[in-house]
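Me: I would like a close look at one part of this model, with the pairing worked through residue by residue. Please state the cut-offs as you go.

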Amino acid sequence: KSFYKLIIKVRDKIVADGLDDKEFDVTDCGKHLNAEEFNALTAEPDTILIDMRNHYESEVGHFEGAICPDVDTFREEIKQVEQILEGKSDQNIVMYCTGGIRCEKASAWLKHRGFPKVHQLNGGIIEYARQVKASGLNNKFRGKNFVFDERLGERIGDEIISVCHQCGEACDDHTNCENDLCH
């Protein structure tokens, strides 16, 4: 089982982003792409593909050609992505995350900041993997998808693209060892 018990917490925001929601229209998000549309658009040479997850998530798995910012939090990532995209408002921007939640907010923010060609993977990596398997599409995701339940990862393909931080051997398993310097 993915989740062993139900835990409900009340939060002002589902994702801590540091943005003032009154400053922009949070519902004016990027165009949603299914797996087939995602594969086609990311194959175009001028498309910028951005992983909107934290570094420990993208190190075990990400899409081919994706920019994977080296950040610990979503709040840091939004600022870094804006810097990466400076002067590139005329290009197609495609973003993705685990289930699509972070991309809803980030794509709306980028549109507000003057990037009209913002797209996002509908349902995130989780839905992409389901569609690829169901439709027999080319899987452009490399490695393992980090998930936030007891599994800490969901195998998307057979590749292991990361290494153990302790011994350097090929590894894509996360272990919550409760050491804040490691995990």
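Reply: Strand 2 and strand 4 run parallel and are joined by four bridges. Two strands are taken as paired if DSSP finds at least two bridges between them; the strands themselves (E, at least two residues) and the helices (H or I, at least four residues) are DSSP runs, numbered from the N terminus. The model is predicted, so local features need pLDDT of at least 70 and side-chain atom pairs count only at pLDDT 80 or more, while totals for chains, interfaces and linings use all residues. Residues are numbered from 1 along each chain as its sequence is written, and side-chain values use heavy atoms, with hydrogens and water left out.

Among the partners across this pair, Ile48 has Ile93 of strand 4 as its bridge partner, and Ile50 has Met95 of strand 4. On its other pairing, strand 4 is joined to strand 5 (residues 118–121) by three bridges, again in the parallel sense. There Val94 stands opposite His119 of strand 5. Between these two strands the chain passes through helix 4 (residues 101–112), giving a β-α-β crossover that is right-handed; the term applies if, with the strands pointing away from the viewer, the path from the first strand over the helix to the second runs clockwise.

In a regular strand, side chains alternate between the two faces of the sheet. In strand 4, Ile93 and Met95 point one way, Val94 and Tyr96 the other, and all are buried (under 20% relative accessible area; exposed is over 50% and partly exposed lies in between, with a 1.4 Å probe and protein chains only).

The sheet around these strands is open, has four strands in the order 1-5-4-2, and pairs in parallel. Strand 1 (31–33) and strand 2 (48–51) are its edges, each pairing on one side only. Neighbouring strands are turned by 30° against each other on average, direction ignored; the axes are lines fitted to C-alpha atoms, for helices over the stretch in contact, with angles running from 0 to 180 degrees between N-to-C directions.

Tyr96 also leads into the aromatic residues. The structure holds seven aromatic pairs, where rings of Phe, Tyr and Trp (its six-membered ring) pair if their centres lie within 6.5 Å, and planes under 30 degrees apart count as stacked, over 60 as edge-to-face and the rest as tilted. Phe38 and Phe63 have ring centres 4.6 Å apart and planes at 55°, so their pair is tilted. Since Phe38 lies in helix 1 (residues 35–42) and Phe63 in strand 3 (residues 61–63), this pair ties together parts 25 residues apart in sequence. Phe38 and Phe63 are both buried. Phe63 and Tyr96 also have ring centres 4.6 Å apart, but their planes stand at 85°, so this pair is edge-to-face. It links distant parts of the chain, strand 3 with Phe63 and strand 4 (residues 93–96) with Tyr96, 33 residues apart. Tyr96 is buried, as is Phe63. One aromatic cluster is formed by Phe38, Phe63, Tyr96, Tyr128 and Phe141.

For the setting, the protein has five helices and seven strands, and 42% of its 183 residues are buried.
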